[in-house]
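Please open the model in your viewer and keep the sequence panel visible beside it. The tour below goes from one selection to the next and says what is to be found at each stop.

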Amino acid sequence: MAREFRHFLHDIIYAITAIETAIAGKSFEDYQNDTMLKLGLERAVEIISEASRHIPEHLRSTRPEIPWPKVRGIGNVLRHEYHGLSDRIIWAVIEDELPRLRIAIEAIQQSAGPA
């Protein structure tokens, strides 16, 4: 059975929550020095990126403040250009962009109604 877009919205919130839990009380230096933390956070961002591809355009368009092409694109960067991505960029995405994305996804969930 094919998954519906609401499942992907849930996946995004789940991954953001996991990231928030993993970085609670952690600094950028902690991130840089903890290989498993880095790999785990990168994987969660990949999941967010992939799941965002399944949100219908009419719902994405309700949240124009989110740079949807960049959300989708960071997964490709992590998969194919990982060697060129700086720790600073990932940390900035996590600290600056994910809180805004959470707000947008929660609003989309509310507007989309129950499954």
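Begin by selecting Arg60, which is buried in this predicted model, because its relative accessible area is 12% and a residue counts as buried when that value is under 20%. Arg60 lies in helix H4, a helix that covers residues 57-60. If you now display the surroundings of Arg60 and leave aside its neighbours within four places in sequence, you will find it in contact with Ser52, Arg53, Ile55, Trp68 and Arg72. Add Ile108 to the selection as well: Arg60 and Ile108 are 48 residues apart in sequence, while their C-alpha atoms are 8.0 Å apart in space.

Stay in helix H4 and select Glu57, which is also found there. Is Glu57 buried or partly exposed? Glu57 has a relative accessible area of 48%, so it counts as partly exposed, since that class lies between the limits of 20% and 50%. To see how Glu57 is placed against the beginning of the chain, draw a distance to Arg3, which is 54 residues away in sequence and 17 Å away in space, from C-alpha to C-alpha.

From there, move to Glu4, whose place is in the segment before H1. Glu4 counts as partly exposed, because its relative accessibility is 30%. A distance drawn from the C-alpha atom of Glu4 to that of Ser52 should read 12 Å, although the two residues are 48 residues apart along the chain.

Next, select two helices together, H1 with residues 5-23 and H6 with residues 87-112. Their axes come within 10 Å and cross at roughly 145 degrees, and H1 passes H6 in a left-handed crossing. Which residues of H1 and H6 meet? On the side of H1 they include Phe5, Leu9, Ile13, Ile16 and Glu20, and on the side of H6 they include Trp91, Ile94, Leu98, Arg102 and Ile105. Colouring this contact by residue class will show 14 nonpolar, 3 polar and 4 charged residues.

While H6 is still selected, pick out Gln110, which is found in this helix. Gln110 is exposed, because its relative accessible area is 69% and the exposed class begins over 50%. The C-alpha atoms of Gln110 and Ser61 are 15 Å apart in space, and the two residues are 49 residues apart in sequence.

Finish at the largest pocket, in which about 290 Å³ of space lies. Of the 15 residues that line this pocket, Lys70, Val71, Ile74, Val93 and Glu97 are the closest to its centre, so they make a good selection for finding it. Helix H3 (35-52), helix H5 (68-80) and H6 each supply at least two residues of the lining. If you colour the lining of the largest pocket by class, it divides into 10 nonpolar, 2 polar and 3 charged residues.

Note on methods. Residues are numbered from 1 along each chain as its sequence is written. This is a predicted model: local features need pLDDT of at least 70, side-chain atom pairs count only at pLDDT 80 or more; totals for chains, interfaces and linings use all residues. Side-chain values use heavy atoms; hydrogens and water are left out. Axes are lines fitted to C-alpha atoms, for helices over the stretch in contact, and angles run from 0 to 180 degrees between N-to-C directions. Helices (H or I, at least four residues) and strands (E, at least two) are DSSP runs, numbered from the N terminus. A crossing is left-handed if the near helix is turned anticlockwise from the far one by less than a right angle, and right-handed if clockwise. Contact means heavy atoms within 4.5 Å. Ala, Val, Leu, Ile, Met, Phe, Trp, Tyr, Cys and Pro count as nonpolar, Asp, Glu, Lys and Arg as charged, and the others, Gly among them, as polar. Buried means under 20% relative accessible area, exposed over 50%, partly exposed in between (1.4 Å probe, protein chains only). On a 1 Å grid over the protein atoms alone, a cavity is a set of points where a 1.4 Å probe fits but cannot get out, and a pocket is an open set with protein on both sides within 12 Å along at least five of seven lines; lining residues have an atom within 4 Å of a point. Grid points are joined across faces, edges and corners, and a volume is the space filled by probe spheres set on the points.
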